[in-house]
Amino acid sequence: MPVFAVQGHATRHQPAERGTIRLTVQFSGEDRASVLARAAQVHADVVGRAKAHVAGGAATWWGSQAVLAWAFDEWVKPSPNVDQVKVRRFRAGADVQVKFQDFTALAAWAAEVAAIVGVAVNGITWALTDARRDALQRDVRADAARDSVERARAYADALGYGDVRLLALFEDGLRPHVSGGGGGIGMSMRGAPPPSGGAQAFEMRPDDIVVTAAVTADFEAV
């Protein structure tokens, strides 16, 4: 009996369930102590606000994993008639991330912290909960496998054969001696751009998170 080699594909779309906003607190100046003090003060303020959102249930997690402080030289021109001089300056800062489940609160907080001097909003990463992501991946794998069966049956019917029997199934990129593919499951999402300061609120509507799966399979006509 003939053998049919087919591909199976599946895609599902799911609205984001979490949004993690990424912030940077950073100050620079000529006095090391004052730069460190200002950075620490604003960072403590932002962290306090983040903890309040977690305690209130709008956010599920906050973190601050990196603290940076360094010295650098900057060439400045004191006046038009004076040559440039080298000035030693200092910079200090830290990062903050907050994962929100309430997107209205996230939008309001993005506007709130963007207005704080020394704070930069670097972007938002959208995601699913672990449980929902795992469930979608299981579903999309099953959909891709069923799609491969339907394709093989369509070929068998067109050629006048009966049903088909599975011989082998491979996730994308795992078929022996065949290059290409990047794995069986894919996820894609689009993050919101960093907001600019001065706004009262931001209306956010993230694109759906797309979960895809691809397989190749060999079937024998029966």
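Hi everyone, let me start with a definition: a nonpolar core here is a set of buried Ala, Val, Leu, Ile, Met, Phe, Trp, Tyr and Cys residues joined through side-chain atoms within 4.5 Å. Buried means under 20% relative accessible area, exposed means over 50%, and partly exposed is in between, with a 1.4 Å probe and protein chains only.

Now some ground rules. This is a predicted model, in which local features need pLDDT of at least 70 and side-chain atom pairs count only at pLDDT 80 or more, while totals for chains, interfaces and linings use all residues. Residues are numbered from 1 along each chain as its sequence is written, and side-chain values use heavy atoms, with hydrogens and water left out.

On to the core itself. The largest nonpolar core has 40 residues, and the members that touch the most other members are I21, L23, V46, V98, F100 and W109. Two or more residues come from each of β2, α1, β5, α2, β6, α3 and β9. These labels are DSSP runs numbered from the N terminus: helices are H or I with at least four residues, strands are E with at least two. Which element gives the most to this core? That is α2, with 8 residues. As a general background note, in soluble globular proteins nonpolar side chains tend to be buried together.

Let's zoom in on I21. Leaving out residues up to four places away in sequence, I21 touches V96, Q97, V98, F100, L106, W109, A110, V121, G123 and I124, where a contact means heavy atoms within 4.5 Å. There is also a second, separate core of 8 residues, and V6, A152, V164 and A217 are among its members.

Next, two helices. The 25 residues of α1 (residues 32–56) should span 36 Å at 1.5 Å a residue, and the end C-alpha atoms are indeed 36 Å apart. For anyone checking the arithmetic, the expected span is 1.5 Å times one less than the number of residues. The buried residues of α1 are V35, A39, V42, H43, V46, V47 and A50, and they pack against β2 (18–29), β3 (59–63), β5 (85–100), α2 and β6. Right after α1 comes G57, with a positive phi near 95 degrees.

Helix α2 has 12 residues, and its first and last C-alpha atoms are 16 Å apart, close to the expected 16 Å. Buried here are A105, L106, A107, W109, A110, A111, V113 and A114. The buried residues of α2 pack against β2, α1, β5 and β6. At the start of α2, a side-chain oxygen of D102 comes within 3.0 Å of the backbone nitrogen of T104.

Now for the rings. How many aromatic pairs does the structure hold? There are 2. The rule takes rings of Phe, Tyr and Trp (its six-membered ring) with centres within 6.5 Å; planes under 30 degrees apart are stacked, over 60 edge-to-face, and the rest tilted. F100 and W109 make a tilted pair, 5.8 Å centre to centre with 45 degrees between the planes, and both F100 and W109 are buried. The other pair is F103 with W126: their centres are 5.0 Å apart and their planes at 75 degrees, so this one is edge-to-face. It links distant parts of the chain, with F103 in α2 (residues 103–114) and W126 in β6 (residues 119–127), 23 residues apart. F103 is partly exposed at 21% relative accessible area, whereas W126 is buried at 1%.

Last topic: charges. Side chains of opposite charge can pair when their charged atoms come close. With a salt bridge taken as a side-chain nitrogen of Lys or Arg within 4 Å of a carboxyl oxygen of Asp or Glu, the count comes to 14. One of them joins D139 and R12, at 3.5 Å from N to O. D139 lies in α3 (residues 130–158) and R12 in β1 (residues 3–14), so this bridge ties together parts 127 residues apart in sequence. D139 is partly exposed, at 29%, and R12 is partly exposed too, at 30%.

Within α3, D147 pairs with R151, the closest N and O atoms being 2.9 Å apart. The two are 4 residues apart, or about one helical turn. D147 is buried at 17%, while R151 is partly exposed at 36%.

Then there is R175 with D218, again with 2.9 Å between the closest N and O atoms. R175 sits in the loop between β7 (164–171) and β8 (185–188), and D218 in β9 (residues 209–221), 43 residues apart. D218 is buried at 17%. Finally, salt bridges that share partners join R12, D139, D143 and R146 into one network. Thanks for listening!

Conventions
A polar contact is a pair of N or O atoms within 3.5 Å; within protein, one must be able to donate a hydrogen and the other to accept it, and residues adjacent in sequence count only if both atoms are side-chain atoms.
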